[in-house]
Amino acid sequence: MTVMNQNVSYAFPPHAVPHLPIRNSSNVFPVHRIYCVGRNYADHAIEMGHDPNREAPFFFQKNPDTLVLSGGVFPYPDKSNDVHHELEMVIALKSGGKDIPIEKALDHVFAYGVGLDMTRRDLQGEAKKAGRPWEIGKAFEFSAPCSELVLASEIGHPAKGAVTLKVNGAVKQKGDLDQLIWKVPEMISYLSGLFELQAGDLIYSGTPAGVGPVVRGDEMLGTVDGIGEIKIKVG
Ligand code: MN
C-alpha cells in the first residue's frame with residue numbers, strides 16, 4: 001500500500017478504476033484484484049461421495065482491466081485457435097484481511113455475480129507443459145467477462161444452485177454450486193493466508209465440467225440460479 005494514495009503528480013493520467021454495476025444500486029463496485037481458483041468442482045466420483053484426499057486449492061490472477069460487462073463482446077483473441085469458456089460464480093468482497101477464519105469469511109462478502117474465465121487453452125497447455133506461468137493463457141484482454149453484482153444482503157450466500165452455460169442455445173456446461181470442492185468461506189480463508197485480501201477483490205470460484213471452445217459469432221449465456229446471468233457474444 002506504500003506506493004499508493006500519495007499526493008503525487010502523475011506523468012500521465014492514471015487509468016480509471018475498473019468497476020462493475022450493482023443491481024438495485026446507483027453505486028458501482030470498484031475492482032481491486034481478480035483471483036481465480038483452479039479446478040474446484042467435484043467430478044462425478046466426488047459428487048457421489050466424500051473425497052478424503054481433496055488437494056489444497058490453487059489460484060491465479062487476472063487483471064481488473066480484463067473485465068467485460070454482460071451484454072458486451074468478447075473479441076476472439078490473437079495467438080490462439082482454442083479459446084474456451086469457463087462459467088463461474090464470482091464472489092465480490094467488501095473488506096478483507098489476512099488469515100481470515102473460515103467462520104468469519106462470509107462477513108467479507110459484499111455481492112455475487114456470474115463470470116466467464118475465458119481461456120486460451122492452447123497457450124495455457126503449453127505453459128503447463130513447460131512449467132511456466134499461465135498469464136498468456138488466462139490474463140489477456142477481455143478474458144474476464146462478469147455480470148452485474150447482486151448484493152448478499154438481498155440474496156444471502158448461495159451454496160446451492162444450477163450453474164449452466166449455453167452456447168447458441170445448446171447447454172455446454174452444467175453443474176451446481178453444491179459441487180464446489182472448496183466452499184466460499186474456505187476459499188476466502190485459504191486465499192487470505194496467501195494474500196492480504198481487500199475490499200474490491202473478486203474471486204472467480206472455478207468452473208464445472210463441460211468447458212469447450214468458442215468461435216466468432218457464438219452467443220454465450222451463463223446462469224447461476226439464485227444469482228443471475230451473463231450474456232456475451234464472441235466477436
Ligand atoms: Mn476457471
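Is Leu87 buried or exposed? Select Leu87: its relative accessibility is 0%, so Leu87 counts as buried. Buried means under 20% relative accessible area, exposed means over 50%, and partly exposed lies in between (1.4 Å probe, protein chains only).

Before going on, some ground rules. The model is predicted, so local features need pLDDT of at least 70 and side-chain atom pairs count only at pLDDT 80 or more, while totals for chains, interfaces and linings use all residues. Residues are numbered from 1 along each chain as its sequence is written, and side-chain values use heavy atoms, with hydrogens and water left out.

**The whole chain**

Show the whole chain as a cartoon. The chain has five helices and 18 strands. Helices (H or I, at least four residues) and strands (E, at least two) are DSSP runs, numbered from the N terminus. Along the principal axes, the C-alpha atoms fill a box of roughly 55 × 40 × 40 Å. The radius of gyration is 17 Å, which agrees with the value near 18 Å for a compact globule of 235 residues. This radius is taken over C-alpha atoms, and the globule rule is 2.2 Å times the number of residues to the power 0.38. Of the 235 residues, 48% count as buried.

**Strand S8**

Return to Leu87, which lies in strand S8 (residues 87-93). Now add Glu154, 67 residues away along the chain: the two C-alpha atoms are separated by 22 Å.

**Helix H2**

Next, select Arg121, in helix H2 (residues 121-130). Arg121 has 18% relative accessibility and therefore counts as buried. Show its side chain together with that of Gln124: a polar contact of 2.9 Å joins them. A polar contact is a pair of N or O atoms within 3.5 Å; within protein, one must be able to donate a hydrogen and the other to accept it, and residues adjacent in sequence count only if both atoms are side-chain atoms. Leaving aside neighbours within four places in sequence, Arg121 is in contact with Asp82, His84, Glu86, Lys138 and Val211. Contact means heavy atoms within 4.5 Å.

**Two loops**

Move to Phe142, in the loop between helix H3 (135-138) and strand S11 (144-146). At 38% relative accessibility, Phe142 counts as partly exposed. What is phi of Phe142 near? The value is near 70°, which is positive in a residue other than glycine. Most residues other than glycine have a negative phi. Asn168 also has a positive value, with phi near 50°. Find Asn168 in the loop between strand S13 (162-167) and strand S14 (170-176).

**Helix H5 and the loop after it**

Select helix H5 (residues 184-194), which is mostly covered: eight of its 11 residues are buried. Among them are Met187, Ile188 and Leu191. Which strands do the buried residues of H5 pack against? Colour strand S3 (34-37), strand S4 (59-62), S8, strand S9 (109-116) and strand S15 (202-204) to see them.

The last stop is Leu197, in the loop between H5 and S15. With 2% relative accessibility, Leu197 counts as buried. Add Lys98: Leu197 and Lys98 are 99 residues apart in sequence, yet 6.5 Å apart in space, C-alpha to C-alpha. Leaving aside neighbours within four places in sequence, the contacts of Leu197 include Tyr35, Leu93, Gly96 and Ile100. Ile188, Leu191 and Ser192 are also in contact with Leu197, and these three are among the buried residues of H5.
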